[in-house]
Amino acid sequence: MHPPAALRATPPGGQHLRPGKAGSAVFPGSAPALAVAEDGPVAEGREFVWSDADFTRIKALIYKKAGISLHDGKHAMVYSRVSRRLRETGHTSFKGYIDWLEGHDGPEWQEFINALTTNLTAFFRESHHFDALAQLLRAKPAHDWRIWCAAASTGEEPYSIAMTCAESLGSNGRYEIVNSDIDTKVLATAQRGVYKHEGSKGLSAERLQRFFLRGKGANAGQMRVKPELQKHMSFLPVNLIHELPLRETFDVVFCRNVMIYFDAATQRAVLERIHRVMRPGGTLFVGHAENFSDARHLFALRGKTVYERL
Ligand SMILES: C[S@@+](CC[C@H](N)C(=O)[O-])C[C@H]1O[C@@H](n2cnc3c(N)ncnc32)[C@H](O)[C@@H]1O
């Protein structure tokens, strides 16, 4: 992968060095793998020196930028993901990278956020939500439906919503699905709508046939969402911890498996924002591990992880 031009520039205060393979930069020769950091214990046998202070700084930055609360069990995950950013930007230490990041306003911030989001998703994940959505849609087939998918990731959830709309409302159905995520890289994948065939778990043969084109020749093994679904969909980056750039009033919001990364105060603030862009009586779907009992004045539980906007 080639870094964008802005990232190829020499970082301030240092040459654009390529760190060596594991062991060579920090742990020369065959000496025991022990790196020394100025500020706290470090892990052994790694490519880059890694200290508690590095983790604490990254933790504070991703909380500030994305609301994501990292607990101490995430050291290995953070090391591995942010290491890639060090390599891409030519830094040889976490301290150097973080100092550089904090000292400028460039596109690396987005890359940093993208590196630290977790994007696990699947077609028709938590399928009972799509049964409930189908029921809602069928009850008002002539309605102009506005749906927001607020943590769209790579698009499997948005297209599952779109397939449910097409099946429930028919070819003349009126529906618009706005899809957003903080991570611009996954959002680009979502917008493209091209998936590996082996990733189609969760899709029936009938849905595959009806809603996807199968790649041939150089595209064998891939499948592309048909334009008949995509024409109802738009994609835009939205950070849920900021004021929402959305004007519409939504009938349905999917905000699934993202609130688990937020602390209680952030969850409350996000729920208030979602509440403001929904119409009374609208439906909010959340993830299987999420419940918002202290937002009873905003949303009433109506089913398993299904809320009504009050
Ligand atoms: C585990 S995925 C869930 C995907 C999908 N909603 C699902 O349930 O299958 C969480 C998504 O939340 C996004 N995310 C994390 N923090 C966010 C924020 N502050 N604003 C918007 N999206 C965020 C991540 O980029 C990621 O794609």
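**Close-up 1. Residues around the ligand in a predicted model.** The ligand is surrounded by 22 residues, each with a heavy atom within 4 Å of the ligand. The closest are T121, R125, A151, D181 and N257. By class, this shell has 10 nonpolar residues (Ala, Val, Leu, Ile, Met, Phe, Trp, Tyr, Cys and Pro), five charged residues (Asp, Glu, Lys and Arg) and seven polar residues (the others, Gly among them). Residues are numbered from 1 along each chain as its sequence is written. In this predicted model, local features need pLDDT of at least 70, side-chain atom pairs count only at pLDDT 80 or more, and totals for chains, interfaces and linings use all residues, while side-chain values use heavy atoms, without hydrogens and water.

**Close-up 2. Polar contacts of the ligand (pairs of N or O atoms within 3.5 Å).** The side chain of R125 places an N or O atom 2.8 Å from an oxygen atom of the ligand. A polar backbone atom of A66 lies 2.8 Å from a ligand nitrogen atom. A backbone N or O atom of R256 is 2.9 Å from a nitrogen atom of the ligand. The protein buries 99% of the 600 Å² that the ligand exposes when taken alone (Shrake-Rupley method, 1.4 Å probe).

**Close-up 3. The largest pocket, whose space is taken by the ligand.** More than half of the ligand atoms lie within 2 Å of the pocket's grid points. A pocket is an open set of points on a 1 Å grid over the protein atoms alone, where a 1.4 Å probe fits, with protein on both sides within 12 Å along at least five of seven lines. The largest pocket holds about 540 Å³ of space, as filled by probe spheres set on the points. Its lining, with an atom within 4 Å of a point, comprises 31 residues, and T118, A151, N257, V258 and Y261 are the closest to its centre.

Definitions and conventions
Polar contact = N/O pair within 3.5 Å; in protein donor to acceptor, adjacent residues only side chain to side chain.
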